[in-house]
Amino acid sequence: SLEVPVIGTSVRGTRELVEGGCGKLVEVGDTSGLAEAIAWMADHLTDAAEMGRLGRIRMKDYDLKLIVKLHEELYEHLLGNCAA
């Protein structure tokens, strides 16, 4: 949401957020792929800026306060189940 292009691992959740040109995905543990993605961003500043712009547009529908609240409720639920 800060117009910064994302480099993330190709896992559920991240994959869905980054699709549509908001950044680059690498496989978990692929350090070479990560280095290549970072180098690509540094070498393609205009394209990277566009990825960041697209990411901001994509994230406008996500309410950070709601997401944090939902995570807190999930953790409280899980911790409550552990105590039982």
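Helices here are DSSP runs of H or I with at least four residues, and they are numbered from the N terminus. Keep that in mind as we walk through this structure, which is a predicted model.

Let's start in helix 4, which covers residues 64-83 and is home to L79. Is L79 buried or exposed? Its relative accessibility is 59%, and anything over 50% is called exposed, so L79 counts as exposed. L79 also has company: together with L74, Y75 and L78, L79 makes up a nonpolar patch on the surface. Taken together, these residues offer about 420 Å² of accessible area.

Stay in helix 4 for a moment, since a salt bridge sits there too. E73 pairs up with K69, and their closest N and O atoms are 2.6 Å apart. Both partners belong to helix 4, with their positions four residues apart, or about one turn of the helix. How open are they to the outside? E73 has a relative accessible area of 38%, so E73 is partly exposed. K69 comes in at 45% relative accessibility, which again means partly exposed.

How many salt bridges turn up when the whole structure is searched? The search finds four. The one between E73 and K69 is local, but let's look at a couple that reach across the chain.

Take E3 and R56, which form a salt bridge with their closest N and O atoms 3.8 Å apart. This pair ties together distant parts of the chain: E3 is in the segment before strand 1 (6-9), while R56 is in helix 3 (residues 45-59), 53 residues apart. E3 is partly exposed because its relative accessible area is 41%, and R56, at 42%, is partly exposed as well.

E3 has another feature to check out, this time in its backbone. Most residues other than glycine have a negative phi. The phi of E3, though, is near 60 degrees, a positive value in a residue that isn't glycine.

Helix 3 has a part in another long-range link. Which residue does E19 form a salt bridge with? The partner is R58, and the closest N and O atoms of the two are 3.7 Å apart. Here, too, distant parts of the chain are linked: E19 is in the loop between helix 1 (14-18) and strand 2 (23-26), and R58 is in helix 3, 39 residues apart. E19 has a relative accessible area of 47%, so E19 is partly exposed. R58 is partly exposed as well, because its relative accessible area is 30%.

Now for a residue that is tucked away. S10 is in the loop between strand 1 and helix 1. Its relative accessibility is 17%, and the cut-off for buried is under 20%, so S10 counts as buried. What does S10 touch, leaving out residues up to four places away in sequence? The contacts are R15, L25, V26 and E27.

Let's finish with the rings. A pair of aromatic rings is described by the distance of the centres and the angle of the planes. You won't need that description here, though, as the structure holds zero aromatic pairs. A ring can also have a charge over it, and W40 shows this: the charged end of K24 sits over the W40 ring, 4.2 Å from its centre.

Key. Residues numbered from 1 in each chain as written. Predicted model: local features only at pLDDT ≥ 70, side-chain atom pairs only at ≥ 80, totals over all residues. Heavy atoms only, no water. Patch = residues over 30% accessible without salt bridge, like charges linked within 9 Å, V, L, I, M, F, W, Y side chains within 5 Å. Areas by Shrake-Rupley, 256 points an atom, 1.4 Å probe, with all protein chains shown as cover. Salt bridge = Lys/Arg side-chain N within 4 Å of Asp/Glu carboxyl O. Helix = DSSP H or I, 4+ residues; strand = E, 2+ residues; numbered from the N terminus. Buried < 20%, exposed > 50% of the residue type's maximum accessible area, 1.4 Å probe, protein only. Phe/Tyr/Trp six-rings, centres within 6.5 Å; stacked < 30°, edge-to-face > 60°. Lys NZ or Arg CZ within 6 Å of the ring centre and 35° of its normal. Contact = heavy atoms within 4.5 Å.
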